[in-house]
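Hi,

Here is the structure I promised to pass on. Have a look at it first, and then read my notes below.

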Amino acid sequence: MFMTIPTIMTWTRIFAIPLIVGVFYLPESMASTADKNLVATIMFVVFALTDWLDGYLARKLNQTSSFGAFLDPVADKFLVCACVLVLVHLQRADVFVALIIIGREIAISALREWMAQIGASKSVAVHMIGKLKTVVQMVAIPFLLFDGMLFGLIDTHQWGVALIWAAAVLTVWSMVYYLQKAIPEIRAKAR
């Protein structure tokens, strides 16, 4: 089950990272800042949608696998972290937001790995607060990548900044939630 359609779609999210980052390194003679913003935004949205689609196809085609279950969140984290770093570089997101988001991803990934080793992975299974955090991030990032007026009505920079900070708050909240769920299991195994 290493090269199923859903797994290939997951791999595309990882391979998309240098493409999204690379757009911003194109010379101005090839693309204006507005063009770069638009292309990066479209690419992010398309590749982010593969997250939903690969899970749907895996279930529909009966191609779920433990490798796919491992790779899917890794691809998501790589894509989000890379884009957040690009946004910091472009001065569209605060470095403190990046530290919160990336730090949480590292901490929770390590926690989930440890909990799996002690046979308590269900206590840190994905919860609604984590899903909400992901949705807010996935809206904030393309808004900040676009960094302009959408349909002449929506200032995506203002909305993106507000949403990325909301995502940072949800990130901390979800981390606290997962830690609270894990602590009893950790204490029980430490005895």
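**Notes on the model**

Asn62 sits in the loop between α2 and α3, the latter covering residues 66-89. This is a predicted model, so please read everything here in that light. I start with Asn62 for its backbone: phi is positive, about 55°, even though the residue is not a glycine. With a relative accessibility of 63%, Asn62 counts as exposed, because the cut-off for that class is over 50%.

There is another residue of this kind. Asp147, also not a glycine, has a positive phi near 50°. Its loop is the one between α5 (128-146) and β1 (149-150). Is Asp147 buried, partly exposed or exposed? At 28% relative accessibility, Asp147 falls in the partly exposed class.

Now the overall fold. The protein contains six helices and two strands, and going along the sequence the order is α-α-α-α-α-β-β-α. In that order, the two strands come after five helices and are followed by one more helix.

On dimensions, the C-alpha trace spans about 60 × 35 × 25 Å along the principal axes. What radius of gyration does the protein have, and what would a compact globule with 191 residues have? The protein has 18 Å, and a compact globule would be near 16 Å, so the two agree. Of the 191 residues, 41% count as buried. If you take the contacts with a separation of 6 or more, 73% of them are between residues 24 or more positions apart.

The surface is next. The accessible surface comes to about 10,800 Å², and carbon and sulfur atoms account for 71% of that. As for charge, there are 15 positive and 12 negative side chains, with the centres of the two sets 13 Å apart.

You will probably want the annotation too. An unreviewed UniProt entry lists residues 7-26, 38-57, 69-90, 135-154 and 160-179 under "transmembrane region". I checked two of these spans against the model. Residues 7-26 are 85% helix and 0% strand, and the end C-alpha atoms of that span lie 30 Å apart. Residues 38-57 are 100% helix and 0% strand, with 28 Å between the end C-alpha atoms.

A few residues are worth clicking on, and here they are one by one.

- **Met43.** This residue is in helix α2, which runs over residues 33-60. Met43 is buried at a relative accessible area of 18%, because the class takes in values under 20%. Apart from neighbours within four places in sequence, Met43 is in contact with Leu19, Ile20 and Val23. Pro142 is 99 residues away from Met43 in sequence, yet the C-alpha to C-alpha distance is 9.3 Å.

- **Ser174.** You will find Ser174 in helix α6, residues 156-190. Ser174 has a relative accessible area of 0%, so it is buried. Which residues does Ser174 contact once neighbours within four places in sequence are left aside? They are Arg104, Ile129, Gly130 and Lys133.

- **Leu132.** Helix α5 holds Leu132, which is partly exposed with a relative accessible area of 41%. Leu132 and Leu170 are 38 residues apart along the chain, and 7.6 Å separates their C-alpha atoms.

- **Ser109.** This serine belongs to helix α4, residues 95-117. Its relative accessible area is 32%, which means Ser109 is partly exposed. Between the C-alpha atoms of Ser109 and Val74 there are 9.0 Å, with the two positions 35 residues apart along the chain counted as their separation.

If you open the model with these residues in mind, one route is to begin at Asn62 in its loop between α2 and α3, step back into helix α2 for Met43, and then go on to Ser174 in helix α6.

Cheers

Key: Residues numbered from 1 in each chain as written. Predicted model: local features only at pLDDT ≥ 70, side-chain atom pairs only at ≥ 80, totals over all residues. Heavy atoms only, no water. UniProt positions renumbered as here; feature names shortened; annotations may be inferred. Helix = DSSP H or I, 4+ residues; strand = E, 2+ residues; numbered from the N terminus. Rg over C-alpha atoms; globule rule 2.2 N^0.38 Å. Buried < 20%, exposed > 50% of the residue type's maximum accessible area, 1.4 Å probe, protein only. Contact = heavy atoms within 4.5 Å. Areas by Shrake-Rupley, 256 points an atom, 1.4 Å probe, with all protein chains shown as cover. Lys, Arg positive; Asp, Glu negative; His and termini not counted. Charge placed at Lys NZ, Arg CZ, Asp CG, Glu CD.
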